[in-house]
Amino acid sequence: MAREGETYRDPLVVGRIIGDVLDNFQRTISLRVTYGNKVVTNGCELKPSQVVNHPRVEIGGEELRTFYTLVLVDPDAPSPSDPNLKEYLHWMVTDIPATTGANFGHDIVPYDSPRPTIGIHRFVFVLFQQAGRQTVYAPRGRQNFKTKDFAQLYNLGSPVAAVYFNCQRETRCGGRHMQSSN
């Protein structure tokens with residue numbers, strides 16, 4: 001938290017996740033997202049090569065009969081300066097039992113690995129508690145997904161947890177490549 005004399009600044013507010021993607025909410029459950037051996041912390045930087053495969057997701061809670069929906073969205077698609085496809089839905093898993101992980105849920109929108117082409121993109125994992133099992137369904141498409149509208153449609157209420165990372169296109173090493181002339 002904050003040191004004495006400093007005020008705590010919520011990284012979801014600083015990173016404009018609150019506002020651009022979510023309304024303010026109270027985190028009530030633990031959410032741990034790991035790509036390989038890299039734990040996702042708010043605002044950390046990951047390369048596209050590190051996020052090719054879907055992450056391991058661990059969810060807290062106390063009751064196995066409580067189910068959750070996880071979404072992964074990019075509010076900066078196709079570019080942060082012109083996000084006309086926002087939010088782009090990269091992944092959706094429903095019916096995840098508490099105290100387990102995403103691999104115990106239903107993968108209703110398959111993982112589409114982040115591959116930003118322009119600028120630094122924010123990729124946001126949002127966790128919602130479901131009213132019951134099999135109460136959330138896949139949207140029609142990935143583009144222009146709206147997390148807030150989705151939550152309202154399925155009566156999910158406020159999120160119970162969220163975490164985000166930044167990602168940008170990887171540059172090629174080696175400088176210019178010469179083309180041979182024939």
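Q: Which residues does Glu-87 touch, not counting residues up to four places away in sequence?
A: In this predicted model, the place of Glu-87 is in the loop between S5 and S6. Not counting residues up to four places away in sequence, Glu-87 touches Asp-20, Val-21, Val-73, Asp-74, Pro-75, Arg-142, Gln-143, Asn-144, Phe-145, Lys-146 and Thr-147.

Q: How far away from Glu-87 is the nearest side chain of opposite charge?
A: Glu-87 is buried and yet has no salt bridge. A salt bridge would require a side-chain nitrogen of Lys or Arg within 4 Å of a carboxyl oxygen. The nearest side chain of opposite charge belongs to Lys-146, and its distance from Glu-87 is 6.1 Å.

Q: Which residue is joined to Glu-87 by a cis peptide bond?
A: Most peptide bonds are trans, which makes the backbone at this position worth a separate look. The cis bond at Glu-87 has an omega of about -15 degrees, and the residue on its other side is Lys-86.

Q: What is the omega of the cis peptide bond that joins Ala-77 and Pro-78?
A: Pro-78 lies in the loop between S5 and S6, which is also where Glu-87 has its place. For the cis bond between Ala-77 and Pro-78, omega is about -5 degrees.

Q: What is the order of the strands in the open sheet of 6 strands?
A: The pairing in this open sheet is mixed. Strand S3 (44-45) and strand S7 (106-109) each have a single partner strand, so they stand at the edges with one side left without a neighbour in the sheet. Read from one edge to the other, the order is S3-S9-S8-S5-S6-S7.

Q: Which residue in S9 stands opposite Val-124?
A: S8 and S9 pair in the antiparallel sense, and 8 bridges connect them. Within S9, the residue that stands opposite Val-124 is Tyr-164.

Q: Which residue in S4 stands opposite Thr-34?
A: A further open sheet, of 3 strands with antiparallel pairing, has the order S2-S1-S4, and its edge strands are S2 (38-39) and S4 (56-59), each pairing on one side only. Strand S1 (residues 31-35) runs antiparallel to S4 and is joined to it by 4 bridges. Opposite Thr-34, the residue in S4 is Arg-56.

Q: Which element gives the largest share of the largest nonpolar core?
A: The core has 27 residues, and those that touch the most other members are Leu-31, Tyr-35, Leu-70, Trp-91, Phe-125, Leu-127 and Phe-165. Two or more residues each come from S1, S4, S5 (67-74), S6 (88-97), S8 (120-129) and S9 (161-168). The largest share, 4 residues, comes from S9.

Q: Which residues is Leu-127 in contact with, leaving aside its neighbours within four places in sequence?
A: Leu-127 is among the members of the largest nonpolar core that touch the most others. With the neighbours within four places set aside, its contacts are Ile-29, Leu-31, Ile-59, Tyr-68, Thr-69, Leu-70, Pro-159, Val-160 and Ala-161.

Q: What is the phi of Thr-99?
A: Most residues other than glycine have a negative phi. Thr-99 is found in the loop between S6 and S7, where it is partly exposed with a relative accessible area of 42%. Although Thr-99 is not a glycine, its phi is positive, at about 70 degrees.

Q: Is Asn-155 buried or exposed?
A: Asn-155 is found in the loop between helix H3 (147-153) and S9. Its phi is near 50 degrees, a positive value in a residue other than glycine. With a relative accessible area of 64%, Asn-155 is exposed.

How values were computed
Residues are numbered from 1 along each chain as its sequence is written. This is a predicted model: local features need pLDDT of at least 70, side-chain atom pairs count only at pLDDT 80 or more; totals for chains, interfaces and linings use all residues. Side-chain values use heavy atoms; hydrogens and water are left out. Two strands pair if DSSP finds at least two bridges between them. A nonpolar core is a set of buried Ala, Val, Leu, Ile, Met, Phe, Trp, Tyr and Cys residues joined through side-chain atoms within 4.5 Å. Buried means under 20% relative accessible area, exposed over 50%, partly exposed in between (1.4 Å probe, protein chains only). Contact means heavy atoms within 4.5 Å. Lys and Arg count as positive and Asp and Glu as negative; His and the chain ends are not counted.
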